[in-house]
Amino acid sequence: MSDQAKKNMQVARNFFAAMDAKRFDDMAALIHEDHKFYVPGVDHPMGKKEHMEMNMGLQKSLSDFDRHFLDQFCADDKVCSRMLLRMKHIGEFNGVPRTNQ
């Protein structure tokens with residue numbers, strides 16, 4: 001694996017660490033202006049602004065993030081991370097009232 005691929009994967013991990021710690025400015029600083037985020041259920045890739053808004057909304061509805069990376073790979077300037085994420089549902093999320101679970 002190239003040094004650049006290792007750096008790119010570390011940037012992705014730093015992004016998720018900033019997300020879990022609610023450091024939104026740090027998250028935004030790690031996202032390139034041409035960023036595209038693909039999420040199931042959304043019919044278009046999210047840009048930087050929309051992705052940040054989604055993440056800040058998640059933080060209002062979910063807490064106690066417990067993230068475990070299962071796989072991560074890099075091709076050129078693209079990083080793919082597969083992870084298991086557990087959190088507590090503390091506020092309305094996508095129309096579903098909080099469950100506190």
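Gln59 is in contact with Met19, Asp20, Lys22, Phe24 and Phe65, leaving aside its neighbours within four places in sequence. The residue lies in helix α3, and its relative accessibility of 5% makes it buried, because the cut-off for that class is under 20%. The model described here is predicted.

**Overall layout**

The protein chain has 3 helices and 2 strands, arranged along the sequence as α-α-α-β-β. Its C-alpha atoms fill a box of roughly 45 × 25 × 25 Å along the principal axes. Of the 101 residues in the chain, 26% are buried. Among contacts between residues at least 6 apart in sequence, 42% join residues at least 24 apart.

**Nonpolar core**

The largest nonpolar core has 7 residues: Phe15, Phe16, Ala18, Met19, Met27, Ile31 and Met52. Helix α1, residues 3-20, gives the most to this core, with 4 residues. Met19, one of the core residues, is also one of the contacts of Gln59. Met52 touches Phe24, Met27, Ala28 and Ile31, not counting residues up to four places away in sequence. Phe24 therefore appears in two contact lists, that of Met52 and that of Gln59.

**Residues with positive phi**

Most residues other than glycine have a negative phi. Two residues of this chain, neither of them glycine, have positive values: phi is near 60° in Lys22 and near 55° in Asp64. Lys22, one of the contacts of Gln59, lies in the loop between α1 and α2 (24-30). Asp64 lies in strand β1.

The table gives the accessibility of several residues discussed in this report.

| Residue | Relative accessibility | Class |
|---|---|---|
| Gln59 | 5% | buried |
| Cys74 | 21% | partly exposed |
| Cys80 | 35% | partly exposed |
| Lys22 | 42% | partly exposed |
| Asp64 | 56% | exposed |

**Cysteines**

How many disulfides does a search of the whole structure find? The search finds 0. Cys74 is in no disulfide, and the nearest cysteine sulfur, that of Cys80, is 10 Å away. Why is there no bond from Cys80 to the closest cysteine sulfur? The sulfur of Cys80 is 10 Å from that of Cys74, which is too far for a bond, because a disulfide needs the two sulfur atoms within 2.5 Å. In terms of accessibility, Cys74 is partly exposed at 21%, and Cys80 is partly exposed at 35%.

**Largest pocket**

The largest pocket holds about 1200 Å³ of space. Its lining consists of 35 residues, and those nearest the centre are His35, Lys36, Phe37, His51 and Val79. The elements that give two or more residues to the lining are α1, α3 (48-61), β1 (62-75) and β2 (78-89). Which element gives the largest share of the lining? Strand β2 does, with 7 residues. By residue type, the lining divides into 23 nonpolar, 7 polar and 5 charged.

Helix α1 thus has a part in two of the features described: it gives 4 residues to the largest nonpolar core and two or more to the lining of the largest pocket. Helix α3, where Gln59 lies, also gives two or more residues to that lining.

Note on methods
Residues numbered from 1 in each chain as written. Predicted model: local features only at pLDDT ≥ 70, side-chain atom pairs only at ≥ 80, totals over all residues. Heavy atoms only, no water. Buried < 20%, exposed > 50% of the residue type's maximum accessible area, 1.4 Å probe, protein only. Core = buried A, V, L, I, M, F, W, Y, C linked by side-chain atoms within 4.5 Å. Contact = heavy atoms within 4.5 Å. 1 Å grid on protein atoms, 1.4 Å probe; cavity = no way out; pocket = protein on both sides within 12 Å on 5 of 7 lines; lining within 4 Å. Points joined across faces, edges and corners; volume = space filled by probe spheres on them. Nonpolar A, V, L, I, M, F, W, Y, C, P; charged D, E, K, R; others polar.
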